[in-house]
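Dear colleague,

I am passing on the structure below, and I would be glad if you could look through it alongside the notes that follow.

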Amino acid sequence: MNQLGDVLVTGGAGFIGCALAQSLAASARRWVALDSLHPQVHAVARRPDALPAEAELVVGDVTSASDWDALLADFRPETVIHLAAETGTAQSFSEATRHTAVNVVGTAAMLDAFTRSGHVPDRFVLSSSRAVYGEGDWRTASGEIVKAGVRSRRQLENGEWDLPGATAVPSSVATTVPAPTNVYGATKLAQEHLLDVWCGARDLSLDILRLQNVYGPGQSLTNPYTGIVSLFSRLARAGKAISVYEDGQIVRDFVYIDDVVSAFAADLRGEPAVGVRRYDVGSGVATTILELATEIARYHDAPAPVVSGEFRDGDVRFAACDILPTEIALDWAPEWSLRDGIGSLQAWIAGQAVAETA
Ligand SMILES: NC(=O)c1ccc[n+]([C@@H]2O[C@H](COP(=O)([O-])OP(=O)(O)OC[C@H]3O[C@@H](n4cnc5c(N)ncnc54)[C@H](O)[C@@H]3O)[C@@H](O)[C@H]2O)c1
């Protein structure tokens with residue numbers, strides 16, 4: 001069965017890339033993962049065990065024209081799944097050049113490489129982020145929809161976490177105008193724009209999946225900049241109290257990796273269509289960080305989480321989405337509850353610890 005043809009996955013040796021390969025590489029004629037094995041993500045610069053044998057790994061950098069030319073000299077992918085990215089939200093403020101170089105210039109370098117190679121794939125799928133929405137929309141007591149904008153440092157120092165008198169509204173591709181509040185989010189939105197205009201001018205198919213917070217087995221346990229569920233899990237496993245920012249009421253949508261893979265699979269099962277399609281991919285459940293920390297602490301019988309009152313620049317107060325349009329369009333639905341997902345992640349982390357000491 002080769003329904004997927006030749007597939008190129010940039011960043012294909014990362015968390016989501018390996019999970020996609022485990023589920024889909026066998027259905028491709030060739031599945032090639034182009035990945036730089038970034039040291040922040042990969043503790044050891046070698047092929048991850050999680051990347052199945054059906055996937056070819058090409059070690060290369062998406063910003064490097066020569067790496068692209070070498071790859072495309074004998075590879076003509078029909079589908080490109082673009083995952084390669086710098087993903088540190090807070091880090092993107094202090095390392096804005098690096099985030100922009102990989103996420104924005106790297107995307108442009110990919111497109112230029114296809115132009116040089118004389119071959120253009122039929123279909124692009126971009127792994128975008130909830131970060132493009134920033135604070136999204138809020139509803140005032142009178143029912144008016146307003147933008148919260150970027151919360152200022154002074155506001156946060158005064159402990160003014162929410163937009164006074166307003167309630168956050170789950171984001172939706174159909175109604176929420178993107179307004180990122182950090183550099184990472186701005187680069188993800190720039191990726192969307194670059195691919196949209198480039199694919200649009202060539203009548204190609206572009207699907208953009210805006211992912212909420214993805215977690216689960218396979219996520220880097222050593223990357224200090226991403227993966228809050230993994231980070232909390234390690235703390236609780238060590239019997240430490242988890243410290244949560246602000247008043248603990250920051251909201252996120254935590255979506256289990258298998259549900260993200262099934263969303264990509266559902267998208268790829270559909271026919272490519274000229275133009276751009278955007279989908280919100282999440283669990284559909286809004287969870288406070290305190291609830292998350294409490295659930296993980298409970299699992300490990302660790303001390304109760306501590307609300308620190310500290311904050312980070314660019315952190316969004318509320319990020320959750322309306323997944324109903326995606327469920328209908330892709331005939332897909334998330335299947336994992338947060339409790340089951342957390343349990344599965346803890347079992348995987350325990351297995352990793354055993355493997356390390358063996
Ligand atoms: N994990 C999430 O919660 C989440 C949420 C929203 C969006 N996303 C997006 O999904 C994509 C994949 O995320 P992930 O969680 O698998 O991250 P990850 O860090 O596990 O994987 C990213 C991969 O890209 C590679 N990479 C980094 N820079 C590169 C470069 N210059 N050239 C080639 N490869 C490079 C890394 O080595 C890594 O293997 C990213 O685009 C991210 O923005 C992830």
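In which loop is D301 found? D301 is found in the loop between α9 (289-300) and β16 (306-307), where helices (H or I, at least four residues) and strands (E, at least two) are DSSP runs numbered from the N terminus.

Before going further, please note that this is a predicted model, in which local features need pLDDT of at least 70 and side-chain atom pairs count only at pLDDT 80 or more, while totals for chains, interfaces and linings use all residues. Residues are numbered from 1 along each chain as its sequence is written.

For D301, phi is near 55 degrees, a positive value in a residue other than glycine. D301 counts as exposed because 8 other C-beta atoms lie within 10 Å; with C-beta atoms placed from the backbone, a residue is exposed if 12 or fewer others lie within 10 Å of its own, buried if 20 or more do, and partly exposed in between.

D331, placed in the loop between α10 (324-330) and α11 (338-357), also has a positive phi in a residue other than glycine, near 50 degrees, and D331 is exposed, with 10 other C-beta atoms within 10 Å.

As for the whole protein chain, there are eleven helices and 16 strands. Its radius of gyration (taken over C-alpha atoms) is 20 Å, close to the 21 Å that the globule rule (2.2 Å times the number of residues to the power 0.38) gives for 358 residues, so the chain is as compact as a globular protein of that length. Buried residues make up 46% of the 358 residues.

With best wishes
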